[in-house]
Amino acid sequence: MTLYVTSLASGSSGNVLLVRTGDAALLVDCGLPLRTIEPALTRIGIHPAQLSAILLTHEHGDHVLSAGALARRYGVPIIANQPTLAAIEQDLAGVPFQELATGAATMIADFGVRSFPVPHDAAEPVGYTISAGGWCVGIATDLGHWNDTIVEGLTPADLVVIEANHDQEKLWRAPYVEVVKHRIYGPTGHLDNIAAGRLLARLGADGRRRSAWLAHLSREANTPQIAEQVVRGVLALAGVRCIGIAALPRRAPIHWSSDMHGEQLSLFD
Ligand SMILES: [Zn+2]
Ligand SMILES: [Zn+2]
């Protein structure tokens with residue numbers, strides 16, 4: 001069984017990740033307007049009614065914007081922990097939903113899904129690992145810092161989707177008010193490029209080959225080039241050569257498949 005992952009949007013203007021096999025599909029977060037997400041899914045051959053579920057990481061608008069509307073229109077269940085469901089209660093009228101407690105695991109169609117807590121200023125934010133056919137994608141965007149729980153959560157992942165939100169120097173020069181800068185920089189804000197690199201270096205210490213997508217890049221305080229350069233630099237300093245890096249664009253669909261990962265692996269040998 002092949003595992004396919006597509007990033008449809010990443011960043012503070014919207015986050016949508018599609019995870020699918022040949023037979024089943026689910027979304028992680030749904031932070032684009034309905035008028036954008038419907039054609040975006042159709043263009044890659046997915047009808048929204050085919051989705052087995054919409055998993056939510058937390059209730060911030062860039063992650064949940066059209067989750068309720070899409071779920072209601074197509075009868076797709078929303079899956080999240082209880083505090084996140086409570087935070088979006090007003091959007092859940094007529095929406096099928098299911099609670100997945102933080103740290104719990106479940107099967108959804110072809111997928112083994114497990115959540116783990118992440119430090120971020122939301123009700124009870126989580127990351128996920130989603131597995132099918134022996135392959136695994138791990139997702140942790142929106143986290144102020146990383147810890148052993150996150151390393152353990154992401155360890156099974158062949159594709160790691162982690163936040164590389166900002167370059168610290170660019171953040172302090174960015175056109176935000178001070179309170180926002182401190183929120184972003186703080187322990188429950190957003191992960192910077194160096195911290196993302198260190199998290200990947202820690203994961204890479206086991207020598208296992210992984211792909212990594214750098215996600216949720218700040219428009220004002222980062223660029224894909226800077227994020228990739230900094231993370232590659234941290235990995236090189238740590239002597240970690242087993243992780244292939246790519247920064248996610250804000251909108252264009254970017255694809256990963258376990259078949260492609262297998263082919264890429266041979267390039268390392
Ligand atoms: Zn976000
Ligand atoms: Zn957030």
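The legends below describe several close-up views of a predicted model.

**View 1. The site of the zinc ion (ligand 2).** The protein atoms that hold the zinc ion (ligand 2) come from H58 (NE2), H60 (ND1), H120 (NE2) and D142 (OD), and they lie 2.2 to 2.3 Å from the ion. Along the sequence, these donor residues follow the spacing H-x1-H-x59-H-x21-D. The angles among the 4 donor atoms run from 90 to 170°, and the site is classed as irregular. One of the donors, H58, counts as buried because its relative accessibility is 1%, where buried means under 20%.

**View 2. The site of the zinc ion (ligand 1).** Here the zinc ion (ligand 1) is coordinated by D62 (OD), H63 (NE2), D142 (OD) and H216 (NE2), at distances of 2.1 to 2.2 Å. The angles among its 4 donor atoms range from 91 to 162°, and this site is also described as irregular. In sequence, the donors of the zinc ion (ligand 1) are arranged as D-H-x78-D-x73-H. H63 belongs to helix α2 while H216 sits in the loop between β12 (210-215) and α9 (224-237), so this pair ties together parts of the chain that are 153 residues apart in sequence. Both H63 and H216 are buried.

**View 3. D142 between the two zinc ions.** D142 bridges the zinc ion (ligand 1) and the zinc ion (ligand 2), and the two ions lie 3.5 Å apart. The residue is placed in the loop between β10 (135-140) and α5 (148-154), and it is buried, with a relative accessible area of 2%. The backbone of D142 also deserves attention, since its phi is near 65°, a positive value in a residue other than glycine.

**View 4. S12 and the residues it touches.** S12 is found in the loop between β1 (4-9) and β2 (16-20), and it counts as exposed because its relative accessibility is 59%. Leaving aside residues up to four places away in sequence, S12 touches D62 and H216, two residues that also appear among the donors of the zinc ion (ligand 1). The C-alpha atoms of S12 and E228 are separated by 19 Å, and these two residues are 216 residues apart along the chain.

**View 5. Helix α3 and its surroundings.** Helix α3 spans residues 67-74, and its buried residues are A67, G68, L70 and A71. The elements that cover these buried residues include the strands β3 (25-28), β4 (51-55) and β5 (78-80), together with the helices α1 (34-43) and α2 (61-64). After α3 comes G75, whose phi is positive, near 65°.

**View 6. Salt bridges within helices α6 and α9.** The structure holds 8 salt bridges, and two of them are shown in this view, beginning with the one in which the side chains of R173 and E169 meet at 3.9 Å from N to O. R173 and E169 are separated by about one helical turn, because they are 4 residues apart in helix α6. R173 is exposed at 62% relative accessibility, and E169 is exposed as well, with a relative accessible area of 56%. In helix α9, R232 and E228 are likewise 4 residues apart, about one turn of the helix, and they form a salt bridge whose closest N and O atoms are 3.6 Å apart. R232 counts as partly exposed, at 42% relative accessibility.

**View 7. The salt bridge of D206 and R210.** In this pair, the closest N and O atoms of D206 and R210 are 2.9 Å apart. D206 is partly exposed, at 44% relative accessibility, whereas R210 is buried, with a relative accessible area of 2%.

**View 8. A nonpolar patch on the surface.** V177, V179 and V180 make a nonpolar surface patch of about 250 Å². One of these residues, V177, lies in the loop between α6 (168-173) and α7 (178-185), and it is exposed, with a relative accessible area of 51%.

**View 9. A109 in its loop.** A109 is located in the loop between β7 (105-108) and β8 (111-117), and its phi is near 50°, a positive value in a residue other than glycine. With 46% relative accessibility, A109 counts as partly exposed.

**View 10. D259 and Y4.** D259 lies in helix α10, which covers residues 258-268, and it counts as partly exposed at 42% relative accessibility. Although D259 and Y4 are 255 residues apart along the chain, their C-alpha atoms are separated by 8.6 Å.

Notes: Residues are numbered from 1 along each chain as its sequence is written. Chains are lettered from A and ligands numbered from 1 in the order in which they are written. This is a predicted model: local features need pLDDT of at least 70, side-chain atom pairs count only at pLDDT 80 or more; totals for chains, interfaces and linings use all residues. Side-chain values use heavy atoms; hydrogens and water are left out. Donors are N, O and S atoms within 2.8 Å of the metal (3.2 Å for Na, K and Ca); water is not among the atoms, so sites may look incomplete. Four donors count as tetrahedral if all angles lie between 85 and 135 degrees; four count as square planar and six as octahedral if opposite donors are over 155 degrees apart and all others between 65 and 115; anything else is irregular. Buried means under 20% relative accessible area, exposed over 50%, partly exposed in between (1.4 Å probe, protein chains only). Contact means heavy atoms within 4.5 Å. Patches are made of residues with over 30% relative accessible area and no salt bridge: like charges are joined within 9 Å, nonpolar side chains (Val, Leu, Ile, Met, Phe, Trp, Tyr) within 5 Å. Accessible areas come from the Shrake-Rupley method with a 1.4 Å probe; for residues, only the protein chains shown count as cover. A salt bridge is a side-chain nitrogen of Lys or Arg within 4 Å of a carboxyl oxygen of Asp or Glu.
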